[in-house]
Amino acid sequence: MTNIPIEGILLPNEKPKHESSSNWKEYFSFSTDHKVIGIQYLVTSFFFFLVGGIFAMVMRGELMTPESDLVDRTVYNGMFTMHGTVMLFLWTFPSLVGFANYLVPLMIGARDMAFPRLNAVAFWMVPVVGILMMGSFFVPGGPAQAGWWSYPPVSLQNPTGNLINGQVIWLLAVAISGVSSIMGAVNFVTTIVKMRAPGMGFFRMPLFVWGVFSAQIIQLFGLPALTAGAVMLLLDLTVGTSFFDPAKGGNPVMFQHYFWFYSHPAVYVIILPVFAIFSEIFPVYSRKPLFGYKVVAVSSILIAVVSGIVWVHHMYVSGTPGWMRLIFMLTTMCVSVPTGIKVFAWVATIWGGKLRLHTPMLFALGALIMFVFAGITGIMLSSVPVDVHVNNTYFVVGHFHYVLYGTVTMGLYAAIYHWFPKMTGRMYSESWGKIHFWLAFIGTNLNFLPMHPLGLQGMLRRVASYAPEYQFWNVIASLGGFLLGMSTLPFIFNMVISWMQGEKAPANPWRAIGLEWLVSSPPPVENFEEIPIIISEPYGYGKSEPLTANLPE
Amino acid sequence: MKIQKILNILTLLTGAIAVTFTSIWIGKQAYSWLPPQAAAESLLIDDLISFLVTLGAFIFLGVTSTLIYSVIFHRAVKDDFTDGPPIEGNVTLEVVWTAIPILLVFWIASYSYQVYEQMGIQGPSELVHLHNPLAMESAYAAPANALAEPVEKIDVLAKQWAWVFHYPERDITSTELHLPSDRRVRLALKSQDVLHGFYIPAFRLKQDIIPNHAIDFEFTPILAGQYRLTDSQYSGTYFATMQANVIVESPEDYQQWLAQAATQKPSPAKNQAASEYAQTSNQSVQTGWVTVPPAAPPLVNSPG
Ligand code: HEM
Ligand SMILES: [Cu+2]
Ligand SMILES: [Cu+2]
């Protein structure tokens, strides 16, 4: 099963002049090398992915039976709150920022990010956020229990009476994570605008860079709203102001506007880089240029723009008047147009290609199929009458896990396998990779598909107990969940063993076209001895034209 | 060569027909995934869901079968390391593929809009706030030609964690929601503490309840039977227990129940949150975290 194509590839004979440091201690230091920071982000966030996964296992364990019998209700509520928070703020965001850090300078032919020290500071805030979140389990009263969106007034209820409580810590941690993201966004946007190699016009940028660019622009306009909402909630909670507290005349629905004005677009901050990963992977393993490159590039920006005017779809049933429900229904549905263009482009890229089903391609294909499914349930949710029925039910939980697990996490796995040789200088084991893929693909569907019939039947989200008639599908979902939990084991095993003693990787094991594949694996410090001069569009598969004027291919 | 082409077209055609029929069949199945249709609104919503499932199944099957076809028939031959055809785009195709989703969006949006208008679930308190570009009046040409003006007005009070229903005409309270069938009902939703959500899956209807904010909510039950009302907006520790029975009965039975309840003295209702709370706070070893105590059990004429 191990069929790694290294045919036709020459290992670079001479070592790069400035050797990449292979000292593991570097990963625990305040390094300003974007590649070290990228890997720091990836490893840290994967650790928290496992933590969030353990919380998920506790929840699925509880939901095996209709009664609330495995853990107390307060514990269950803490579990789903921290699961959601950890998965979003400590897994998907930082891991994608990790890839962006690692790849963007390489892909645009730069030696580092625009502000390397700012970059390192932004990273080191992530472990701080993580420690705060985990520390909140040990304060009296336990961690936050109001769900990852922390709607007041529930989030303002503080039965312990202590000033230091889980909800306060939660808000602080989210604010720090927001500051870190703003720093990252400024850095990425500057780097992409200012530091592209000569000849790399916007329409010669790889689509991954387009995806990161669009996503980071969302961060710039969205995060201020979330931060404002979080600070006001913090004031209500600690010093007793009354922005959102209805008992003192505040308006809790205002918080929902602040929150979703950012947190809907935040979904695109996550998914745009994943779309971009698809756009990088499909051409390589289909050996065709990306179909409709320019349209796909522009559609990322379009998605970013439209995503700014859809937030009320989370609040259809929240006292929102009819006309507003209908306007936001239309804007929400419009997002499916640029998204549809992308899906079409990927399918057309694969069509008629010469497919190689290596692990990254398998993960990307599986993720694409599950994304199409998620997109369809998403359109259903955007329709007001349907949402009136299924809002806050398991239908929604099923939908967003198809996005967050089926698409984002699977897409991240595809990216990890694809760039693993580049990052570590070693090959992973293809057969373990395939085992991982099949466990994850089956597990995801077994876990999240049953949530749709449950939601249509009316089972609510965030419940620790439920009516007995919902048990059948819940048991299936839980078994799928445990399978998913197990599926990470072959992955961890593969990564650790391959990193330590995998076969040495050549510079370009997939015969891919892109600047990052022109430097050795792992790339030297400062990436390029000579800054490349770009002379053609990316993805020139089958066209046999050179990408740069000065680097050997 | 010619035969090959005809064969290809035939394959494509058969595929398309198979996908079409399968999705129509799946769309029909959608009704069986849903609870009983106990309100007039549910008829409209279920048709919409079935329509969306049909369309969705068509798209999903179309895309996946194309991908699976590619995976099976477009694999690189072992040791063939050449590239595929360098096709970068096709303007006609791209235009068509942009136009199709746009048309679909307008189709889905206008159908959804019609359904929403016919439902007319938002009562007058919402209309007051409107500087309304889209008139919602037509909504009262209500579902199933039910009587336009609501006949039954009921106050609903949500609190952590109980539902209390008050029937102003007879001045009685209950923990069970009794409703006459085939009559338009208007609920006045109120919350005493946090956000709650009024949700009856068999009616397909849901509305958040917001403290300090009176919300009128209208619908028409049509099928006699017993259903569940649940809290749909997360409301704290005992959220999952915040449920109540909904009983839809003929107008005569409904009147009879009202009259009978009016003769009973108010007494404290049973409450799951309160009894669970009492139980856990008596345990010698605490296995959870402290919680907001449940509100006092409501006093009701008809504890259900
Ligand atoms: C083994 C994998 C997973 C399982 C079994 C799982 C299970 C669950 C369950 C049971 C809930 C509670 C639903 C509710 O009552 O609201 C939940 C919520 C959630 N999950 Fe997951 N999940 C998994 C992976 C993920 C991943 C990978 C992500 C994100 C990348 C994610 C993001 C979320 C979010 C945002 C929530 C909402 C939390 C909230 O309501 O506050 N989950 N998950
Ligand atoms: Cu959204
Ligand atoms: Cu409630």
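## Helix α5 of chain B, and a ligand shell in chain A

In this predicted model, the buried residues of α5(B) are Tyr254(B), Trp257(B), Leu258(B) and Ala261(B). Looking down the axis of α5(B), you'll find these buried residues within an arc of 100°, so they line one face of the helix. That fits the general rule: an α-helix has 3.6 residues a turn, so residues three or four places apart point the same way.

What sits on the face of α5(B) turned away from its buried side? There you meet the exposed residues Glu252(B) and Gln256(B). As for the cover over the buried residues of α5(B), it includes strands of chain B, namely β1 (152-159), β2 (162-167), β3 (172-174), β4 (177-180) and β10 (243-249).

The length of α5(B) checks out too. The helix runs over residues 251-262, and at 1.5 Å a residue its 12 residues should span 16 Å; the end C-alpha atoms are 17 Å apart, which agrees.

Over in chain A, ligand 1 is surrounded by 26 residues, and the closest are His83(A), Trp148(A), His401(A), Arg461(A) and Arg462(A). By type, the shell around ligand 1 has 16 nonpolar, 7 polar and 3 charged residues. Here are some of the polar contacts to the ligand.

| Residue | Atom of the residue | Atom of ligand 1 | Distance |
|---|---|---|---|
| His83(A) | polar side-chain atom | nitrogen | 2.8 Å |
| Trp148(A) | backbone N or O | oxygen | 2.8 Å |
| His401(A) | side-chain N or O | nitrogen | 2.8 Å |

Two or more residues of this shell come from each of the elements α1 (34-62), α2 (73-108), α12 (394-424) and α13 (430-448) of chain A.

Helix α2 of chain A also holds Thr81(A). Is Thr81(A) buried or exposed? With 0% relative accessibility, Thr81(A) counts as buried. A polar atom of the Thr81(A) side chain lies 2.8 Å from the backbone oxygen of Asn77(A). Setting aside neighbours within four places in sequence, Thr81(A) touches Ala144(A), Gln145(A), Ala146(A), Gly147(A), Trp148(A) and Trp170(A). Trp148(A), remember, is also among the residues closest to ligand 1. Gln216(A) lies 135 residues from Thr81(A) in sequence and 26 Å from Thr81(A) in space, C-alpha to C-alpha.

Another threonine to look at is Thr377(A), in helix α10 (residues 359-382) of chain A. Thr377(A) has 5% relative accessibility and counts as buried. Leaving out neighbours within four places in sequence, Thr377(A) is in contact with Phe395(A), His399(A) and His452(A).

Methods
Residues are numbered from 1 along each chain as its sequence is written. Chains are lettered from A and ligands numbered from 1 in the order in which they are written. This is a predicted model: local features need pLDDT of at least 70, side-chain atom pairs count only at pLDDT 80 or more; totals for chains, interfaces and linings use all residues. Side-chain values use heavy atoms; hydrogens and water are left out. Helices (H or I, at least four residues) and strands (E, at least two) are DSSP runs, numbered from the N terminus. The expected span of a helix is 1.5 Å times one less than its number of residues. Buried means under 20% relative accessible area, exposed over 50%, partly exposed in between (1.4 Å probe, protein chains only). The arc is that of the directions from the helix axis to the C-beta atoms. Contact means heavy atoms within 4.5 Å. A residue is near a molecule or strand if one of its heavy atoms lies within 4 Å of it. A polar contact is a pair of N or O atoms within 3.5 Å; within protein, one must be able to donate a hydrogen and the other to accept it, and residues adjacent in sequence count only if both atoms are side-chain atoms. Ala, Val, Leu, Ile, Met, Phe, Trp, Tyr, Cys and Pro count as nonpolar, Asp, Glu, Lys and Arg as charged, and the others, Gly among them, as polar.
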